[in-house]
Amino acid sequence: MRRATTAQPVDATAATVDEAPLVEVQDLHKTFRRGAGFLRRGGTAVRAVDGVGFSIREGETLGIVGESGSGKSTTGRLLLRLLEPDSGRVRFAGQDVLSVSRSEFRRRRRDMQMIFQDPYASLDPTKTIGASVGEPLKIFENLSRAERDDRVREMLGRVGLRPDYLTRYPAEMSGGQRQRVAIARALSINPRLVVADEAVSALDVSTQSDVLNLMRHLQRDLRLTYLFISHNLSVVRHMSDRIAVMYLGRIVETGPAEQVYLEPLHPYTRALLSAIPVPDPLAQRSRPKIVLTGDVPDPAHPPAGCNFVSRCPLAMSMCHEVDPGLEPMRESSAVACHLHTGNSR
Ligand SMILES: Nc1ncnc2c1ncn2[C@@H]1O[C@H](COP(=O)(O)OP(=O)(O)OP(=O)(O)O)[C@@H](O)[C@H]1O
Ligand SMILES: [Mg+2]
């Protein structure tokens, strides 16, 4: 069987600094049962997250990128315990997140907030913007109505919305404005970590860049730490200090954002980059083009050996047999590919 050598280095994405990271994730696993019957018996095991590890320093942004179904959202949800992992470890500010009870964790959740792709789904259409943004304050802080409204107005100002939006309803707003409200809501209780899952993917390009710039400003002003999830590598590069590339539930490459973007090592990362048009035709020509054929394999039936082998234009015979595992490379990078780990010689 596959996966004899699969253990990923614990701190695969850790940068070399002395400060302890705010978030530390080790060897996270989550399997779903597809087509399972009563009590979830039977069915096929889908390894949505298969041994993921990373760390994020305070004030830093780690971007997670990968095609649909690669396990990005599941990773984000596991981190915030919106889903329970099968195994693995999550530490937040030095504390073990998974060993505390769910009710104790809910109290700590104020430090960890999430922004989703579709603010229309995450905002209650029957509530005013004031009520939605004020809701977390109601749960976590003991404020009078007037104090709460003041805080909500302040938050609306921070995200670039006028105070009179307080009495409006989500349906009266544009997609970009709704996403600003969702950001105001998530930030109203001063979290330290924000997991943004495809936060701008539903917006048109110019609104996307407005919201991304807003998120960067807020990060600087409020010293926020981001886990920024997107299928779009250009967006992730724009936002991130470091990038982790996911494929079939695993991190296949990680490193500083510019390095991953300009000198990608894994053929999968190169393929993701090939799909992005470059304005400069010379740069476009000098960039090695890798076009992927076929779809992402079904995670219920991953290929033997390297899990990218079925789509890799550079696959060697050993790639069909031996799982490369994520190996440390130059400057706090790591890659899971036999072409780079010296095994091919
Ligand atoms: N609740 C669930 N039950 C069964 N399978 C699930 C569930 N959630 C996710 N999966 C499966 O787990 C895998 C990873 O899903 P996930 O949503 O994490 O991917 P993603 O990278 O966020 O994709 P996208 O870019 O489409 O949002 C997929 O194969 C998906 O079908
Ligand atoms: Mg997703």
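**Figure 1. Surroundings of H266 in the predicted model.** In this predicted model, H266 touches V252, E253, F308, V335, A336, C337 and H340, residues up to four places away in sequence not being counted. H266 itself lies in the loop between α9 (257-262) and α10 (267-274). A polar atom of the H266 side chain is placed 2.9 Å from the backbone nitrogen of Y268. The relative accessibility of H266 is 1%, and H266 therefore counts as buried, the limit being under 20%.

**Figure 2. Helix α10 and the elements that cover it.** The helix that follows the loop of H266 is α10 (267-274). Eight of the eight residues of α10 are buried, so this helix is largely enclosed by the rest of the structure. The buried residues are P267, Y268, T269, R270, A271, L272, L273 and S274. Their cover includes the strands β3 (61-65), β9 and β10, together with the helices α8 (233-239) and α9. Y268, one of the buried residues of α10, also supplies the backbone nitrogen that lies 2.9 Å from a polar side-chain atom of H266.

**Figure 3. The shell of residues around ligand 1.** Of the 13 residues around ligand 1, those that come nearest are S68, G69, K72, S73 and T74. Three side chains are shown with their polar atoms facing oxygen atoms of the ligand. For S68, the separation between a polar side-chain atom and a ligand oxygen is 2.5 Å. For K72, a polar side-chain atom lies 2.8 Å from an oxygen atom of ligand 1, and for S73 the corresponding distance is 2.8 Å. Taken alone, ligand 1 exposes 640 Å², of which the protein buries 62%. Two elements give two or more residues to the shell, namely β2 (44-56) and α1 (72-79). The largest share, three residues, comes from α1. By character, the shell of ligand 1 divides into six polar, four nonpolar and three charged residues.

**Figure 4. Two residues with positive phi.** Most residues other than glycine have a negative phi. R223, which is not glycine, has a positive phi near 50°. The position of R223 is in the loop between α7 (205-222) and β8 (225-230). L248 likewise is a residue other than glycine with a positive phi, here near 45°. L248 is found in the loop between β9 (242-247) and β10 (250-256). With a relative accessible area of 5%, L248 falls under the limit of 20% and is therefore buried. The two strands that flank the loop of L248, β9 and β10, are included in the cover of the buried residues of α10.

**Figure 5. Cysteines C312 and C319.** A search of the whole structure finds zero disulfides. C312 is in no disulfide, and the nearest cysteine sulfur, that of C337, is 6.2 Å away. A disulfide would require the two sulfur atoms to lie within 2.5 Å, so the pair C312 and C337 does not qualify. C312 has a relative accessibility of 17% and counts as buried. C337 also appears in the first view, among the residues that H266 touches. C319 too is in no disulfide; the nearest cysteine sulfur belongs to C306, at 6.1 Å. At 10% relative accessibility, C319 counts as buried.

Technical notes
Residues numbered from 1 in each chain as written. Chains lettered and ligands numbered in written order. Predicted model: local features only at pLDDT ≥ 70, side-chain atom pairs only at ≥ 80, totals over all residues. Heavy atoms only, no water. Near = heavy atom within 4 Å. Polar contact = N/O pair within 3.5 Å; in protein donor to acceptor, adjacent residues only side chain to side chain. Areas by Shrake-Rupley, 256 points an atom, 1.4 Å probe, with all protein chains shown as cover. Helix = DSSP H or I, 4+ residues; strand = E, 2+ residues; numbered from the N terminus. Nonpolar A, V, L, I, M, F, W, Y, C, P; charged D, E, K, R; others polar. Buried < 20%, exposed > 50% of the residue type's maximum accessible area, 1.4 Å probe, protein only. Contact = heavy atoms within 4.5 Å.
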